[in-house]
Amino acid sequence: MRVLHTSDWHIGRTFHGADLLTEQEAALTHIAELVDRESVDVVVVAGDIYDRAVPSAEAVRVATAAMTRIRRAGAELVITPGNHDSAARLGAFAEFAAAGGLHVRATVEGIAEPVVLHDEHGAVAFYGIPYLEPEPSRHALGVAEARGHTGVLGEAMRRVRDDLAGRPGTRSLVLAHAFVIGGEASESERTIAVGGVEQVPGSVFDGVDYVALGHLHGPQTLAEHLRYSGSPLAYSFSEARQRKSVWFVDLDANGLAEVRRHELPVPRPLATLSGELAALLEDPEHEQWREHFLSVTVTDRVRPIDAMRLLQDRFPYAVHMDWRPDGGAAGTELKYAEAVRGRSDIEIARSFLDDCRGAPPTEREERLVHLALEAANRTAVAKL
């Protein structure tokens with residue numbers, strides 16, 4: 001049996017305010033094409049199908065279309081919710097969906113109730129462990145003494161192993177959404193630390209043939225049978241150098257036979273640029289970044305006016321800008337009480353402009369500040 005392991009689709013997520021549905025649809029369409037080309041039998045999605053507990057109608061449309069393409073390409077799907085998903089919403093109509101080849105494991109009660117599929121060697125049991133928030137989960141699992149993520153995941157895996165013991169000769173695969181010790185985080189994962197340490201030891205997942213992990217957005221191998229697929233797209237500039245991928249997991253008569261990594265195409269690359277605004281706008285060498293998502297650091301000594309709009313005129317996908325003046329005053333730590341003590345309103349306004357831009361206001365700007373302060377004073381007096 002050939003399994004494709006993916007996770008963390010985060011459908012509906014934006015990238016610094018930019019809509020990603022087009023890029024997400026392209027990435028998921030490629031996964032469906034892989035199912036057909038590589039004769040994949042089962043696609044497992046280890047959580048965070050959506051980016052929000054209540055996804056938009058467009059996000060649901062993209063998810064539905066992706067799963068339909070995968071199913072038509074010949075694979076069954078097994079999915080479980082992550083910390084971004086609503087388990088109840090994702091699991092709605094799960095029994096009906098299973099009839100069409102979409103198997104959702106979204107409840108604590110169903111942890112030890114696998115999806116059992118067959119190949120020429122016999123049965124393979126797919127166990128879905130939804131994201132388990134420690135406090136409510138320890139009560140739902142009936143282990144009030146359990147502490148943290150390790151405690152509740154340990155109980156979930158005990159149930160899996162107990163069920164598997166009653167299925168002699170059955171191979172096994174677990175989907176889990178968790179932060180396993182040894183994994184490397186990116187900037188785009190939401191923390192799952194609740195009242196304690198969020199990381200769990202890999203040994204929690206001992207006793208099964210393969211563990212398809214979700215939550216961390218970079219592809220990672222913690223052990224031969226214990227891997228993160230990562231997200232199909234980069235969701236922060238810290239992921240710009242990651243090669244997004246999926247895992248092909250082959251199971252033979254004895255269990256795990258081979259795991260292969262397949263790198264995914266990048267619908268829109270990420271890049272960072274730095275320099276003075278004029279050079280960024282005029283240098284012809286920068287034309288190569290025009291279609292990239294860009295994070296730009298502007299280094300002008302004086303903060304340029306309307307810099308982001310000017311950047312986006314040349315680079316339509318510039319989504320983030322920092323101002324870090326070369327030798328300027330940005331980054332100076334100020335305490336408000338000290339900054340205003342003994343100063344007049346005009347002096348405070350002048351200092352504010354100087355701190356924000358790395359240069360004092362011009363004479364014209366200072367006249368405008370005077371006029372604004374006089375108008376504000378007249379309004380305040382009139383209200384007395």
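**A walk through two sheets and their helices**

Let us start with a pair of strands: β1 (residues 2-6) and β15 run antiparallel and are joined by four bridges. Two strands are said to pair here if DSSP finds at least two bridges between them. Helices and strands themselves are DSSP runs, numbered from the N terminus, with H or I over at least four residues for a helix and E over at least two for a strand. One example of a bridge in this pair is H5, whose partner in β15 is W247.

Before going further, a word on the source: this is a predicted model, in which local features need pLDDT of at least 70 and side-chain atom pairs count only at pLDDT 80 or more, while totals for chains, interfaces and linings use all residues. Residues are numbered from 1 along each chain as its sequence is written, and side-chain values use heavy atoms, with hydrogens and water left out.

For an overview, the protein chain holds 11 helices and 19 strands. It has 384 residues, of which 47% count as buried. Buried means under 20% relative accessible area, exposed means over 50%, and partly exposed lies in between, using a 1.4 Å probe and protein chains only. Contact means heavy atoms within 4.5 Å. Among contacts in the protein chain with a separation of 6 or more, 67% come from residues 24 or more positions apart.

Back to β15, which spans residues 245-252. Seven of its eight residues are buried, so the strand is largely enclosed by the rest of the structure. Besides β1, strand β15 pairs with β16 (residues 255-263), in the antiparallel sense and over eight bridges. Here S245 has E263 in β16 as its bridge partner. Two residues lie between β15 and β16, and the two strands form a hairpin.

Which residue can you look for in the loop that comes before β15, between β14 (226-228) and β15? That loop contains E239. With a relative accessibility of 1%, E239 counts as buried. Its side chain reaches the backbone nitrogen of Y235 at 3.3 Å. That is a polar contact, meaning a pair of N or O atoms within 3.5 Å; within protein, one must be able to donate a hydrogen and the other to accept it, and residues adjacent in sequence count only if both atoms are side-chain atoms.

Now for the whole sheet around β15. It is an open sheet of six strands in the order β6-β5-β4-β1-β15-β16, with mixed pairing. Strands β6 (102-104) and β16 are its edges, each pairing on one side only. From one strand to the next, the twist averages 20 degrees. Towards the β6 edge, β5 (residues 76-80) and β6 run parallel and are joined by three bridges. In this pair V78 stands opposite H103 in β6.

Helix α2 (residues 57-72) lies across β4 (42-46), β5 and β6, and runs at about 140 degrees to β5. Axes are lines fitted to C-alpha atoms, for helices over the stretch in contact, and angles run from 0 to 180 degrees between N-to-C directions. How does α2 pack with helix α1 (residues 21-37)? The angle between them is about 15 degrees and their axes are 8 Å apart. That makes α1 roughly parallel to α2, a label given to angles under 35 degrees, with over 145 counting as roughly antiparallel, 65 to 115 as roughly perpendicular and the rest as oblique. Residues of α1 including L28, I31 and V35 take part in the meeting of the two helices, and those of α2 include V62, A65 and I70.

There is a second open sheet of six strands, in the order β7-β8-β9-β12-β14-β13, again with mixed pairing. At its edges stand β7 (115-119) and β13 (220-223), each with a single partner strand, so one side of each is left without a neighbour in the sheet. The twist in this sheet averages 20 degrees from one strand to the next. Within it, β8 (residues 122-129) and β9 (residues 171-177) run parallel and are joined by six bridges, with Y127 opposite V174 in β9. Helix α6 (residues 148-165) packs on this sheet, touching β8 and β9, and its direction makes about 160 degrees with that of β8.

The last stop is R350, in helix α10 (residues 345-357). R350 is partly exposed, with a relative accessible area of 30%. Leaving aside neighbours within four places in sequence, R350 is in contact with P361 and E366.
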